[in-house]
Amino acid sequence: MFPFILKRLASSLVVILIVAMFVFGLTAVSGGDPAVIFAGDDPSPERLEAIRERMGLDRPVPVQFLLWLQTIAGGDFGTSFFTGRPVLTLIGQRVEPTIVLSLYTIVMSILVGIPLGAAAALRPGGALDRFLSGFTSLAFALPGFIAAYILIYIFAVELRWFPVQGYQPLSEGLGRTLWSLTLPAVTLSLIYVGLLARTTRAAMIGVLAQDYIRTARSRGANTYRVVVHHAFRNGLNAVLTVIGLGIASLLSGVTITETVFAIPGLGRLTVDAVLNRDYPVVQGLILIFASVKIAVNLTIDLLYRVVDPRVAQ
Amino acid sequence: MTVQTSSDPSDHRFTMPRLSFRLIFGLGTLGILAILGLFGSVFLQDPNALAPANRLQFFSSDHWLGTDGLGRDLLARVVAGARISLAVGLLVAAFATVFGVILGLLAGYFRRLDPIIMRVNDGMLAIPELLLAVALASLAQASLTMVVFALTVPQIPRIVRVARAEVLVLRKSPFVEAAYISGSSRFKILTRHVLPNLVAPLSVQVTYVCAYAILGEAGLSFIGAGLPANTPSWGVIVSENRTFFMQAPWTVFVAGFFLTVTVLAVSAVGDELRKSAE
C-alpha cells in the first residue's frame with residue numbers, strides 16, 4: 001500500500017506542476033504588463049522599472065516561473081489587481097458557501113441516487129427502471145441554469161417554500177444555511193442523482209446475477225439483506241468512481257449555479273475575477289480547484305483498495 | 001479511472017445504427033433546427049429589431065413565442081440562436097477531434113512521446129472544464145472564435161485518451177504488424193490502417209463533445225464570459241432576460257427549451273451510435 005501511495009503522490013505532484021505551468025503561461029499570453037497594472041495611474045518610467053525589478057519581470061521567463069512557483073509554495077498567491085487585497089484572503093472569504101453547497105449536493109445525490117439505482121436493479125425494464133433512464137437523459141441535457149430557473153419558478157415563486165436567491169451564512173445557524181441552499185443543491189444534484197443511480201443499477205445487476213447471491217437467497221435471506229449485505233459492497237467501486245467524478249465536475253457546476261442564485265462563493269468569485277481580467281485571482285482559483293480535483297482522485301484511488309482488496313493484486 | 005479498450009479491433013468497425021425512435025428523434029430535430037437556422041431569417045422577423053412598446057408580451061399570433069425585455073421577437077432570436085449553437089457544437093467537435101486524434105496517434109504509436117503528451121493531458125484534465133473554458137475565453141475580446149477556442153481546448157484531452165487507448169490496441173493487431181513487415185511507412189500505417197479504425201469508437205465520444213460544447217457555449221454566454229451582449233445566442237437570451245424572470249418567466253424558458261431539446265437530440269444520436277458499436 002505504502003509504495004503505491006508514494007507513487008501516486010509523485011505523479012500528482014507532476015500534474016500540479018503542469019497545471020502551474022499552464023496557469024503561469026495564461027498570464028504571459030494575456031498581454032497586459034503586470035507592472036503597469038500594479039503601479040496604478042500614470043507611473044513614471046523609473047517607478048515602472050523599479051516595480052519590474054522587484055517583481056522579477058526583468059528576468060528570463062523560466063526564472064520568472066521558478067520565482068513565482070517559490071512564492072506560491074510559500075503560500076503567497078499574490079495580490080488581486082482589482083481589489084488590491086491578497087488572493088488567499090479573497091478566496092478564504094468566499095470558501096464557506098461553496099464547501100457547504102458541495103457537501104449538501106453530494107449527500108443529497110448519494111441519499112437519493114444509490115437507493116434509486118438499487119431499487120431499479122431489482123426489476124430491470126420495470127416502471128422505475130424506465131423512469132430512471134428517462135430522468136438521466138433529461139438531467140444531462142437540461143442546462144444547470146435552466147433547471148435552476150424551473151426550480152425557482154415552482155418552489156420559490158409559486159409555492160414560496162424556499163427563497164428565490166441569496167445565502168445565509170453558517171453563523172446564522174445551519175438550518176437557515178441549508179434552507180437557503182436547498183434549491184441550488186437540488187439543481188446541482190439532478191445530474192449526479194441520474195449518474196449515480198445508473199451506475200449503481202449497472203453494478204448491482206452485474207452482482208445480483210452472481211452465484212453467491214443465489215446461494216444467499218436460497219438460504220432464505222430476504223431482498224433487503226441480499227442487497228445491503230451481499231451485493232452492495234461488491235458494486236461499490238463503480239459507485240465510488242462516479243462520486244469522485246461528481247465532486248470534480250461539481251467545481252464546474254458551482255460557477256453557474258452560484259451566479260443564478262446570487263451565492264457569494266468561489267464560483268461567483270471566479271466569474272467576477274474573469275470578467276475583471278483579475279489574473280492573480282484566476283490563477284489562484286485554478287490552482288486550488290485543480291489541487292482539490294487531484295486530491296479527490298487520489299483519495300478515490302486509495303478507497304478502491306480499502307473497499308475491494310482485490311484491486312491491489 | 002480506466003479507459004475502456006477492446007482486444008479485438010474487428011468488433012469496432014463502424015456499423016450504421018438501427019433506425020430506432022430515438023435516432024429518428026435525434027436526427028429529425030437536428031435537421032429541423034439546421035434548416036431553421038439556415039433559412040429562418042427569410043420568413044421570420046429581424047431578431048434585433050427593437051420595439052420597446054411591445055416588451056415582455058406572452059405568446060400571440062404576432063409573436064408566436066412572445067417578446068423579450070426590449071420588445072424583440074423571441075422566435076426570431078431563438079431561431080438565430082439555433083444557428084450559433086449548432087455552429088459552435090460542430091466546430092468544437094471538429095477541432096477537438098482533429099487535434100485530439102493527432103495527439104492520440106502520436107502518444108499511442110510513438111512510445112517516447114507518450115509520457116510527455118499524457119502528463120500534459122492529465123494536467124489539463126485536472127482543471128475543471130468550465131473554469132478552464134472561462135479562463136481561456138477571457139484572454140481576448142468576446143467573439144465566436146474565442147468561444148470555440150475556449151470550449152475546444154478542455155475537450156481535446158478527452159479525445160486524446162480515447163484515441164490513444166484504441167491505438168495501443170491497434171498497433172499490436174495482426175494487420176498492423178503485417179503492414180509493418182511488408183514495409184509500409186509509419187505515416188502510411190497510421191493514416192491507412194490505424195486512423196480508419198478509430199472512426200467507430202470516436203464517433204460516440206465526438207457526439208458527447210458536441211453536446212458539451214452546446215451546453216458550454218450557453219453556460220459561458222450566460223455568465224457573461226461567452227458571446228458579446230445582444231448576440232442572439234441561447235445563453236445570452238437567458239442572461240439578458242433573467243432580470244424580467246418574475247414578470248415574464250417564459251422569456252427564460254423559451255431559450256431553455258430549445259437548448260434542452262437540442263442537447264437531448266445530440267445525445268440521442270450518440271446513444272444510438274454507442275448501442276450499434278457494442
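Guide: A salt bridge is a side-chain nitrogen of Lys or Arg within 4 Å of a carboxyl oxygen of Asp or Glu. The model shown above is predicted.

Visitor: Which side chains meet in a salt bridge, N to O?

Guide: Those of Arg8(A) and Asp301(A), with 2.6 Å from N to O. That value lies within the 4 Å cut-off, so the pair counts.

Visitor: Into which domains is chain A divided?

Guide: Domain 1 covers 2-73 and domain 2 covers 94-312. The C-alpha centres of these two domains of chain A lie 35 Å apart.

Visitor: How many residues does the contact take from each domain of chain A?

Guide: Domain 1 of chain A gives 16 residues and domain 2 of chain A gives 13 residues.

Visitor: What area is buried between the two domains of chain A?

Guide: About 1,300 Å², and carbon and sulfur atoms give 79% of that. On the side of domain 1 of chain A, the residues that lose the most area to domain 2 are Phe4(A), Arg8(A) and Val23(A), together 35% of what that side buries. Arg8(A) is thus on two lists, since its side chain also meets that of Asp301(A) in the salt bridge.

Visitor: How many salt bridges and polar contacts does the rule find across this interface of domain 1 and domain 2 of chain A?

Guide: One salt bridge, and two residue pairs in polar contact.

Visitor: Which helices of chain A supply the side of domain 1 that touches domain 2?

Guide: α1 (2-29) and α4 (61-73) of chain A each supply at least two residues. The largest share, 13 residues, comes from α1(A). By class, this side of domain 1 has 12 nonpolar, three polar and one charged.

Visitor: Now the two chains. How many residues of chain A are in contact with chain B?

Guide: 44 residues of chain A are in contact with 44 residues of chain B. Between them the chains bury about 3,800 Å², with 80% of it on carbon and sulfur atoms. In chain A, Phe140(A), Phe145(A) and Tyr149(A) lose the most area to chain B, together 17% of what that side buries.

Visitor: What are the counts of salt bridges and polar contacts between chain A and chain B?

Guide: Zero salt bridges, and five residue pairs in polar contact.

Visitor: Which helix of chain A gives the most to the side that touches chain B?

Guide: α12(A), with 10 residues. Helices that each supply at least two residues to this side include α6 (127-141), α7 (144-158) and α12 (279-307) of chain A. Its classes are 33 nonpolar, eight polar and three charged residues.

Methods. Residues are numbered from 1 along each chain as its sequence is written. Chains are lettered from A and ligands numbered from 1 in the order in which they are written. This is a predicted model: local features need pLDDT of at least 70, side-chain atom pairs count only at pLDDT 80 or more; totals for chains, interfaces and linings use all residues. Side-chain values use heavy atoms; hydrogens and water are left out. Domain bounds come from an automatic or database domain assignment. Contact means heavy atoms within 4.5 Å. Buried area is the accessible area (1.4 Å probe) that two parts lose on being put together, summed over both. A polar contact is a pair of N or O atoms within 3.5 Å; within protein, one must be able to donate a hydrogen and the other to accept it, and residues adjacent in sequence count only if both atoms are side-chain atoms. Helices (H or I, at least four residues) and strands (E, at least two) are DSSP runs, numbered from the N terminus. Ala, Val, Leu, Ile, Met, Phe, Trp, Tyr, Cys and Pro count as nonpolar, Asp, Glu, Lys and Arg as charged, and the others, Gly among them, as polar.
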